Amino acid sequence: MIQRDLSVLWHPCTQMKDHETLPLIPIRRGEGVWLEDFEGKRYIDAVSSWWVNLFGHANPRINAAVREQLDLLEHVILAGFSHEPVVELSERLIELTPPNLTRCFYADNGSAAVEVALKMSFHYWRNRGQPQKTKFVTLQDSYHGETLGALAVGDVALYKETYAPLLMQAFTAPSPAGCYANDGESYAEYARRQFEAMAALLEKHADELAAVIVEPLLQCAGGMRMYHPIYLSLLREACDQYNVHLIADEIAVGFGRTGTMFACEQAKISADFLCLSKGLTGGYLPLSVVLTTEEVYQAFYDDYIKLNAFLHSHSYTGNPLACRAALATLDIFAQDNVIENNRKLAQVMGDVTRPLRDHPHVGEVRQQGMVVAIEMVKDKATRQSYPWQERRGLRVYRYALEKGALLRPLGNVIYFMPPYVITPEQIQLLAEIALGGIEVATDD
Ligand code: PMP
């Protein structure tokens, strides 16, 4: 299987030459938190397979829903046609999200949702007679996907630098993430202080700005960096004051990851555009959605000949199988009191990783709801990081695989973002594996 794969495939986010020494792992089946390879070796999926899986692999309830849909309708064009799963899903998403969000526009992956939100915001201002509002503001360390528009509003050099000549220019505001705070400065104080630069940017460039885009509370791909909700509250106020849209990219953090159904709830704010994907289908099928306001919708609602309609489409927009998986996922949230039960799991995640704080090569252990991140550092006192060329995270990855866990560090940051069906014992095991991995990765 490995040989067959490596002779025909090109894997994502991978230097393929690594596989000369790094074993590729074909998976035969999944069950709950477990992935099982062809030798019967099992791995806890501690990263929810790129943050998509919520209720375990081969979840019987989602399986049944998708199976049932399969016999009814696998797919239909969503222009001019509709179907029950997409209507019901839209009704339920509108019910679940803040009252100002009344319209659902679908795409089929996270990056595409970000493209939709950027285009819709720009196009809204154009339709409203402000075509000069063409620019976007993003946060340092943000990640919004890897298609060209989404990449342009991201700030992770690893993904962006090479393609910079192809990208539109965005404004980047300094990070509000508490990991950068001074000694003795709280996450809230730091967020307030950092907001001053954002406020200045908005004031200076309001006339040319379409929107600010953020990953609320938790910047995932940029290193699992967390910030205080006060930043979002201040940002919402300022966006209103300066007439700039707010795009909340909850593609990774939505559906309970941060401890609430949506991260924006913790700041008691609502965005003008809310992007969702990943956990939307429980991790089953590619689907994304942008929720927006009636005001935005109305700016496009006009006679055809005015040519004000929104121009964006993907072949698999609102796929019925994916929508049915999403409905089954929302059923599980409703029936199993998931957000409440996750509080206990989050508590365990905090408890078992707390001792890691004292490790001589751990700079910070941070947690936001169902996500814990452990940052390895070369020098604990100065927080100096290991040079990326040393690939310390990869040593942890290898160690964890041996021990039966899929931990896939982001550089020097090891994190758990597990499916919600994980048990306290499995969380304890992950913490032990992480500690062992850190020992091995930092012993020289
Ligand atoms: N936004 C965020 C916050 C993400 O974490 C990701 C995926 N890691 C994306 C957008 C892009 O989603 P996709 O990979 O489905 O294109």
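Me: How many residues of each class, nonpolar, polar and charged, are in the shell around the ligand?

Reply: Happy to start there. This is a predicted model, and in it the shell around the ligand holds four nonpolar, five polar and three charged residues.

Me: Which residues surround the ligand?

Reply: Look for Trp51, Asn109, Gly110 and Ser111 to begin with, then Tyr143, His144 and Gly145. The list is completed by Glu215, Asp249, Ile251, Ala252 and Lys278.

Me: How do I read the polar contacts here, and which atom of the ligand does serine 111 lie 2.6 Å from?

Reply: The general idea is to look for pairs of N or O atoms within 3.5 Å. In this structure, a polar atom in the side chain of serine 111 lies 2.6 Å from an oxygen atom of the ligand. Aspartate 249 has a side-chain N or O atom 2.6 Å from a nitrogen atom of the ligand. For lysine 278, a side-chain N or O atom is 2.9 Å from a nitrogen atom of the ligand. As for cover, the ligand has 390 Å² of accessible area on its own, and the protein covers 82% of that.

Me: Now for empty space. How is it found, and how many cavities of 30 Å³ or more are there?

Reply: Rolling a probe the size of a water molecule over the atoms shows where empty space is left. Here the count is one cavity of 30 Å³ or more. The largest cavity has about 40 Å³ of space. Helix H6 (148-152) and helix H7 (157-160) each give two or more residues to its lining.

Me: Which residues line the largest cavity?

Reply: Among them are Ser142, Ala150, Leu151, Asp155, Tyr159 and Lys160. Tyr143, His144 and Gly145 also line the largest cavity, and these three residues are in the ligand's surroundings too. By class, the lining of the largest cavity has five nonpolar, four polar and two charged residues.

Me: What volume does the second largest pocket have, and which residues are closest to its centre?

Reply: Its volume is about 890 Å³. It is lined by 30 residues, with Leu78, Cys104, Phe105, Tyr106 and Tyr297 the closest to the centre. Strand E4 (101-107) is one of the elements supplying at least two lining residues, along with helix H4 (84-96), strand E12 (288-293) and helix H10 (294-300). E4 gives the largest share, five residues. The lining of this pocket divides into 18 nonpolar, 10 polar and two charged residues.

Me: Stepping back, how many helices and strands does the chain have, and how compact is it?

Reply: You will find 14 helices and 16 strands. The radius of gyration is 22 Å, close to the 22 Å from the globule rule for 444 residues, so the chain is as compact as a globular protein of that length. Along the principal axes, the C-alpha atoms fill a box of roughly 65 × 55 × 45 Å.

Note on methods: Residues are numbered from 1 along each chain as its sequence is written. This is a predicted model: local features need pLDDT of at least 70, side-chain atom pairs count only at pLDDT 80 or more; totals for chains, interfaces and linings use all residues. Side-chain values use heavy atoms; hydrogens and water are left out. A residue is near a molecule or strand if one of its heavy atoms lies within 4 Å of it. A polar contact is a pair of N or O atoms within 3.5 Å; within protein, one must be able to donate a hydrogen and the other to accept it, and residues adjacent in sequence count only if both atoms are side-chain atoms. Accessible areas come from the Shrake-Rupley method with a 1.4 Å probe; for residues, only the protein chains shown count as cover. Ala, Val, Leu, Ile, Met, Phe, Trp, Tyr, Cys and Pro count as nonpolar, Asp, Glu, Lys and Arg as charged, and the others, Gly among them, as polar. On a 1 Å grid over the protein atoms alone, a cavity is a set of points where a 1.4 Å probe fits but cannot get out, and a pocket is an open set with protein on both sides within 12 Å along at least five of seven lines; lining residues have an atom within 4 Å of a point. Grid points are joined across faces, edges and corners, and a volume is the space filled by probe spheres set on the points. Helices (H or I, at least four residues) and strands (E, at least two) are DSSP runs, numbered from the N terminus. The radius of gyration is taken over C-alpha atoms; the globule rule is 2.2 Å times the number of residues to the power 0.38.
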